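Dear colleague,

Please find below the structure that I am passing on to you. I would be grateful if you would look through it alongside the notes that come after it.

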Amino acid sequence: MKNKYSVFSLIKNALSQHENWQQAWGNPEPKKEYEAIIVGGGGHGLATAYYLAKKHNLKNIAVLEKGWIGGGNTGRNTTIIRSNYLWDASAGLYDHALKLWENLSQELNYNVMFSQRGVMNLAHNLQDVRDLKRRTHANRLNGIDAVWLNTEEVKKFCPIINTSPDIRYPVLGGTLQRRAGTARHDAVAWGYARGASEMGVDIIQNCEVKGIKRNGDIVEGLDTTKGFIKTNKIGVVAAGHSSVIANMAGLKLPLESKPLQALVSEPVKPIIDTVVMSNAVHAYVSQSDKGELVIGAGTDSYVSYTQRGSHNIVEETLKAILELYPIFSRMKMLRQWGGIVDICPDASPIISKTNIKGLYFNCGWGTGGFKATPGSGDLFAHTIANDEPHKLNAAFNLNRFVSGDLVDEHGAAAVAH
Amino acid sequence: MLDILHPNISNINKNNIDINLSEEKIKINIRGKNKEFFTKVGKILSIILPSESNTSSSNENYDVLWLSPDEWMVYFDENKNSNIFDQLYKDISSLKFGSITDISSQLICINIKGENIFELLSSGSPFNFEKFKNNVGSSTQTIVNHIDVILHHKSKNNVNLFVRRSFSEHLYEWLVDSSNFV
Amino acid sequence: MFLINCPFCGERDQSEFSSGGEAHIVRPKQPTELSDDEWAEYLFMRKNIKGIQFERWNHVHGCRKWFNVVRDTSNDKILSVYKMGEKPPVNYK
Amino acid sequence: MPNYRIHKTEYIDETKRVSFKYDGKTYFGYEGDTLASALLANGIHLVGRSFKYHRPRGIVSCGAEEPNAICQIGSKKDLTEPNVRATELELYEGLEASSQNCWPNVKFDIGGINNFISPLIPAGFYYKTFMWPKSFWKKVYEPLIRLSAGLGKSPTEPDPDIYDHKYVHYDVLVIGGGISGIIAAKMAAKNNLKTLLVDDKKILGGSTIYQNNESIKIDDKLSNEWLKNEIQEIKKLSNLTIKTRTSIAAYHGYNFLLAKENLTDHLPEEKKKNKIRQRLWKIRAKKVVIATGSIERPLVFNNNDRPGILLSNSINKYLDYYGVTCGENIILFTNNDSAYETSISLHKKGIKNIIVDLRKSASSELIKQAESLGIKIYFNHVVTNTFGYRKINSLEIMKLSEDGNTTVGNKIRLSCDCLGMSGGWTPMVHMHTQSGGKLDFRDEDQVFLPKENSEYQISVGSCNGDFDLENIIDKTVNKINKFLDIDNQDYQDTNIICSKENDKRNIWLLPNKIPLGKTKCFIDFQNDSTAKDIKLALKEGFRSIEHVKRYTTTGMATDQGKLSNMHALGIIADTAGVKMGTLGTTTFRPPFTPLTFGTLVGRNVGKFFEVVRKTSMHEWHVENNAEFENVGQWKRPWYYAKNGENMHDAVQRESKAARDSAGILDASTLGKIDIQGTDASEFLNRVYTNAWSKLAIGKCRYGLMLNEDGMVYDDGVTTRISENHYLMTTTTGGAANVLSKLEDYLQTEWPELDVYLTSVTDHYSTASICGPNSKKILNKLFPNLDLSDENFPHMSFKEDKLENINCRIMRISFTGELSYEINIESKYGHSLWKMCIEAGKEFNLTPYGTETMHLLRAEKGFIIVGQDTDGTMTPSDLQMDWIVSKKKYDFIGKRSLYRSDTIREDRKQLVGLLTDDPKEILEEGAQIVSDIKSKPIDMLGHVTSSYFSPNLNKSIALAVVRSGKTMKGQKLIIPMENKNINVTVSDTIFLDKENKRLNA
């Protein structure tokens, strides 16, 4: 690695007042032609390019990003990583990702600060208990660490939760995945960008795709704000805007794009050292390494590309937060923001070929794509390189909406993640 | 003897706000579109159904609130015309001119009056009461503290609030709590 | 929070409404005669437009009526509302 | 103790002395002070340590932009509050505040060691390290990083304070009560527009209210005198509501704004009790006038962060508003005229001061005034370094080169105890951009300005980039007249005299002889990001402003970059050689200043967190020891704990009683929809899977409703009341959704159908009596009703009266027992229930809850939608093919039942399970396998319902299992954590397969 990061390189550079650091990734102009182009420079897109270069030996690759890399949902999410999904297909997909997360900092030589502080999902009614136990059993048998905690154990694991039986929806227990946790979202995009760039991938920012050129049912290239670029393989990973790109190729996707909101509090000294999610009352919270409480809200019910969203979503979420953590009432919201997520009818993603040759889509991650970043990139790269899905993403094809073989994760994923 | 059990709502008076469980009322949901429907209703109730949104019509016996272009609610004190429902049902629903549904127990009527009632409602309702409070007879369906309500501006600063029975205690408690802070 | 002009009740706060997604997706009159692909198209495939979208809203906490809205999803501006069964305004494409 | 309060002002009530504690020590201030002004009056500048390097930091400003003076307020576990800006907190008797992010104390802070290793910890250092050895991350590095997290401390007990919300609607909202806001509000209100004026301070007037320079006059009065007059005027306007201590937090679309009003934060603790602490105003305004003013910029030079270095205008405000001087020997460092106002004010109060001005020369009225007063001015000079650890004690200045890129000549060392800096003014465009407005960049004074105003909002005054008074007043008046479409003449003849600034010179990063890498030129004080951090980010390829911000954390502290964003942008632009206008700003996200969660939630906490729905019988259940289950928003009796039973015992007792004699269930929560219209039958045909046209009047039928995707959505019994009239029941949880879905189909897909739907869920209360003795009980209640099987068979309906009150009685059964559901108007529900209990006494009529109901129906293999289904089950999967009409042309979801996946034979299907050990009760949710050794283990399905049946004296369960339909009699395994349970697939009906009990 020409620009290896370590404590030694920090010391060395400190001696020269940090004047000699090299660019983390390049800033090239687009070439005329690429073997493959990834549309979308978020975590998933950059990871796709990284694995295409690293595992499939494609060297002439470009990632096109209309703004700045990591500026979409990668930089806007609440960074929760877990793999305790219900169905085998989902569990396989997300646990593949989780295993990659566990070595990602070393693999990329970039500290993505993956923190395995555990993710706990709470149950607030009897059906929640059944659903979460079902998930816990499925996870255990799928080799995914998951344990059921009763109310006392929940309280012990996270003492600030209000587990009083007198609240509106008392905590009846919860499921805990200890390997789950959080990571530093920006670092994931930057780490993959740096890794991909070192293997020769062109990362082209401020380059918006304006059209997809086809010859019959085969793709030929992309019209962009930086001119036409030829290619026979296009992988679209443009979360939020997937339908916009699909429309350029004359495709409709089973997606709706909706604002998802999140907020952080002012930083305080560590007060919660895990991630707690609660679908029934719509609240989830963790604390960042800066000390901010990171709180995810729900999506709005309407299609919108504004990245704004309604105020009532935030209000409803904080209501639930105060129900579960009444000690946070005097904490202050520092900033709120929205991201645009594209949501599939079955709350599972699409990592798939299309009926246009050379055009691939990776989309529909809804509110929970961040956790899948490495796995998604790896499997999408496989799909693009081989023109066939990997067995771990075979179930996440587009045809499932025709056959009816959906991977319905509503029960387990509900509003969130 | 079958006792009537009212939701746990008592009379409250503070900060220029009176909150009372209203007298027992008959409420009838009436729906229809065709000419016969309007004629029949007009005849039976001696009233012309309000056709304008957010309004009501009243005579000495009945109040009729506009709910939607083909839906109204008639309400009146229980001791008056207790067979009017049967008559409406027989002449309209049975003859296929529309729909007549008794919703007397579906809704609880909470009467709120006093100078500060619109302040009170505004702590939980996004509805713009500017016009409403200046027009006696206005009616509207909206939300108060996340609960669906029908409001009827009966007389100056006197509003009948209709809420589904199962929500009524909760809403009442909220109204009482809110009246501390107007 | 949008201010939505219900064609029956007038301007109301968004919290009185629920969104019903894309408008003018007509339920096929003869579903049994459709192929799986055609049925999937009706069931799941959406334009999901960034820009001017025709969509349905329900004044669920008011008059309970469904109606259509023309809204620019890129800035959330509502350009027009019209009742069910009415023709969409022609000045929006 | 030194006293820096040097003169009286009308805003400080010197008759009201207020004592307060700071870091454990008692001090005094006066009513009218902020915590910051009181600290400064006591000579305290050092108030905190910075986040990363733990450098000593002092008060910098006097407002919301304050990055340093943030404190922990109070020490009680429930009332303490972190990160409160001392510059905004009004002083009150008994206030307790302490500094944050330092240990053991602010003067000696162990963390200060970070300042010495700062070369090793540049921006983004953690991305480059803490990776080896891998195992150290979790054990060593991460705990270390987390140890340094955060500033203040969260409360640890629930908040006793009350918060409230209120919706308001105005014609015009004016944000900001400075001079332009006051003018705008007056114009609007006088023209019959219902107007709201909000300002975050205690009193109106902005910065003009203490402006008392002779060269600035309006109608021959000092500007502050003139404005006080105006304030008196507007207070009389009946159309105008004025809210002080109220700040706009967010500006959403459609002119929906949130404002936070502080009601008790300025009161001593005993006066706060039982009052609303903060109120969130939810404002809808037809038009919004933004008059939020501007804030002064710092200047970026080496060691610009020492305590005692403030914004120049803040020094002025502390002096003229609070009567406090920030020092006795002050240097003002500026690139514009505003510092001269401060200088002249200081001079007049006898405070020695000199000016260092970046500009080569300048010649406005103000400068002439300063010169005539003999104030020393160093033009064309720059501060290159400052000295003093806990407070500034001196600094160095040097001459600037012609092009301003370097310094020339000799260092001049000047002593001082305070430095005021003014780098110009930044218009507060937050509200404009939050509303969706775009920005323009004005090169002349390097400011971002609202690009265009919409018909719904405009910016006036200095937030619009209009800086001198003449400009402010004239432009505001013109713009407001146009914006509101009025013709107000109030300010037509206003005569304004003010000093005009002629010369500008802006340098984002001031030159220095020392290499940048060895300097500490702070940009973001709180997050400790410096000019060299920004340059490092750029060097490493971070080009976008958002990248630089995130990499260096500039602008991400609790002040959200109010002081730092412009310099970060400026340095990026200069370094990258692009124009600032093209670089754009980072997004200004709500809220403008941090907003308490409590305020955002209002009174929707505790018992008002969410609606509780109760049936008419609720009180009886409470009196009879019911434990409740939450079903949606409803409270339903779960089981009745008689004589302190546990749930298992109660359910066993209840279940047995229901089958042996009689049981009674409150079924009022089931959704009920009244359906009328000539096409009611056709409508039901379309929404249910089975056929309805032939249902006779007076009969009931069970129906299954699907989603269009073919999956089971809801179920219930529907009764035909008359030719055109049905009563549909739905599940408790599904009631609202079913009604809304049916309305949707009626209004949008089938408008030709003459059908009306009306919810009557709350109109009826329902008591369901089941068991072999139920008929006898019914007979006691309805002696005139012929209950014979011939006259009143299963699945039929009768009307009868209970003491003159109409009842609808359905003979339907969810338990498999002979069973009647009595529906009565809800106001009599409680009475009905009591009468049933009374009538049933001799038959041991036993009230039972939802748990027993679930058990009883499971014995009969009846499904519960939502428990035995999960949105992936078709009727066929549930072994309910019998309910799907083959004849009907269409119904909701029909087409989906014939897709390639839904016709698969090996789908998961509902089966019964019997444990080999009849005492073993399976866990609901447990997974089912056939081969425990397969890898990966192949899960065939899961247990959906499981009970110990007292009537069968064994454990029973329902489950969904792959190809379950064909597996009857097969052995399967339930692998639990500590054991494997052997089960056999059975029929789903465990009891009374012949349905004999229905007619028992």
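The notes below deal with cysteines, internal cavities and one strand with its partners.

Please bear in mind that this is a predicted model.

Cysteines

A search of the whole structure for disulfides, over all chains, returns zero. Cys770(D) may serve as an example: this residue takes part in no disulfide, and the nearest cysteine sulfur, which belongs to Cys836(D), is 12 Å away. For a disulfide, the two sulfur atoms would have to be within 2.5 Å, so the pair does not qualify. Cys770(D) is buried, with a relative accessible area of 0%. Cys207(A) is likewise buried, and its relative accessible area is 1%.

Cavities

How many cavities of 30 Å³ or more does the model contain? The count is 13. The largest cavity holds about 160 Å³ of space. Its lining is made up of 15 residues, and those closest to the centre are Gly555(D), Gln560(D), Thr587(D), Phe588(D) and Arg589(D). Sorted by class, this lining comprises four nonpolar, seven polar and four charged residues.

The second largest cavity encloses about 120 Å³. It is lined by 14 residues, of which Thr426(D), Val429(D), Asn565(D), Met566(D) and Phe588(D) are the closest to its centre. Phe588(D) is thus named among the central residues of the largest cavity and of the second largest cavity. Two elements of chain D, β25 (425-427) and α15 (565-576), each give two or more residues to the lining of the second largest cavity. The largest share, three residues, is supplied by α15(D). In terms of class, the lining of the second largest cavity has seven nonpolar residues, six polar and one charged.

Strand β35 of chain D

Strand β35 of chain D covers residues 663-666. Gly663(D) and Leu665(D) point one way from the strand, whereas Ile664(D) and Asp666(D) point the other way. Are these residues buried or exposed? All are buried.

β35(D) pairs with strand β41 of chain D (residues 764-770) in an antiparallel arrangement, through four bridges. Within this pairing, Ile664(D) stands opposite Ile769(D). β35(D) is also joined to strand β45 of chain D (residues 846-847), here by two bridges and in a parallel arrangement. The bridge partner of Ile664(D) in β45(D) is Pro847(D). Ile664(D) therefore has a partner in β41(D) and another in β45(D).

With kind regards

Notes
Residues numbered from 1 in each chain as written. Chains lettered and ligands numbered in written order. Predicted model: local features only at pLDDT ≥ 70, side-chain atom pairs only at ≥ 80, totals over all residues. Heavy atoms only, no water. Buried < 20%, exposed > 50% of the residue type's maximum accessible area, 1.4 Å probe, protein only. 1 Å grid on protein atoms, 1.4 Å probe; cavity = no way out; pocket = protein on both sides within 12 Å on 5 of 7 lines; lining within 4 Å. Points joined across faces, edges and corners; volume = space filled by probe spheres on them. Nonpolar A, V, L, I, M, F, W, Y, C, P; charged D, E, K, R; others polar. Pairing = 2+ DSSP bridges.
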